[in-house]
Amino acid sequence: MAIFTRSAVAVAVLVGSPVLAANAHATPGSDITAVTLSQAQIPAGLLPFVAGTDFVVREITIGPGGSTGWHHHDGPVFGFVRAGTLTHPGPECDAPVYRAGDFIFEPAGEWNVHIGHNLGREPLILDVVYAPPTGMPLFVDEPAPPCA
């Protein structure tokens, strides 16, 4: 088991290195945890006009004062605020607020750099479905936009 774990860490470091080098000024997340609840894949060619897509369902918890860090997604993201309040500045630094029971949609693309903040006193819990193209990461860290 230890050999597998060390190998997995080595692969993750090697695979992640180009992303880290390209985003040297990225803003890392803080006080955030993510638990993968389910995942599936639709292979390319299975459905007409659908390229290969991964679907990953996660529960994300952000502690009070924590954030996701600035990032974008290569595929759409659908979310539901289960508890707490999400402050969600985007590329223009407008900061809509989402509360428990609210639905959130994040379109794909580098143009949609954004961050999720928990400015409240209680943990923020999100249920999120990521739909990136097969083999792409769930998110890509980015530097904050000039308006931040």
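Let's start with the pocket: 25 residues line the largest one, and those nearest its centre are Ile32, Ile60, Thr68, His71 and Tyr130. Keep in mind that this is a predicted model. The space inside that largest pocket comes to about 340 Å³. What is the lining made of, split by nonpolar, polar and charged residues? There are 14 nonpolar, 8 polar and 3 charged residues in the lining. Strands do a good part of the work here, with β1, β2 (53-67), β4, β7 and β8 each giving the lining at least two residues.

Those strand names come up again in the sheet. It is an open sheet of 5 strands, antiparallel in its pairing, and the order runs β1-β2-β8-β4-β7. At the edges sit β1 (30-42) and β7 (103-106), each of which pairs on one side only. On average, neighbouring strands in this sheet are turned by 20 degrees against each other, with direction ignored.

Now for β8 and its two partners, β2 and β4. Here is how the pairings look:

| Strand pair | Sense | Bridges |
|---|---|---|
| β2 and β8 | antiparallel | 7 bridges |
| β4 (residues 77-83) and β8 (residues 124-130) | antiparallel | 6 bridges |

Zoom in on single residues and Val128 is a handy landmark in β8. Arg58 stands opposite Val128, and Gly79 also has Val128 as its bridge partner in β8. Further along, Val77 sits opposite Tyr130 of β8. That is the Tyr130 already met among the residues nearest the centre of the largest pocket.

Which residues of β8 are on its covered face, and which on its uncovered one? The covered face carries Leu124, Leu126, Val128 and Tyr130, while Ile125, Asp127 and Val129 make up the uncovered face. As a rule, side chains in a regular strand alternate between the two faces of the sheet.

The covered residues of β8 turn up once more in the interior. The largest nonpolar core has 12 residues, and Leu124, Leu126, Val128 and Tyr130 are among them. Its other members are Val56, Ile60, Ile62, Val77, Val81, Leu86, Ile104 and Leu138. At least two core residues come from each of β2, β4 and β8, and β8 gives the largest share, with 4 residues.

Pocket and core meet in a couple of places. Ile60 and Tyr130 are core members, and both are also listed with the residues nearest the centre of the largest pocket.

Technical notes: Residues numbered from 1 in each chain as written. Predicted model: local features only at pLDDT ≥ 70, side-chain atom pairs only at ≥ 80, totals over all residues. Heavy atoms only, no water. Pairing = 2+ DSSP bridges. Axes fitted to C-alpha atoms, helices over the stretch in contact; angles between N-to-C directions. 1 Å grid on protein atoms, 1.4 Å probe; cavity = no way out; pocket = protein on both sides within 12 Å on 5 of 7 lines; lining within 4 Å. Points joined across faces, edges and corners; volume = space filled by probe spheres on them. Nonpolar A, V, L, I, M, F, W, Y, C, P; charged D, E, K, R; others polar. Buried < 20%, exposed > 50% of the residue type's maximum accessible area, 1.4 Å probe, protein only. Core = buried A, V, L, I, M, F, W, Y, C linked by side-chain atoms within 4.5 Å.
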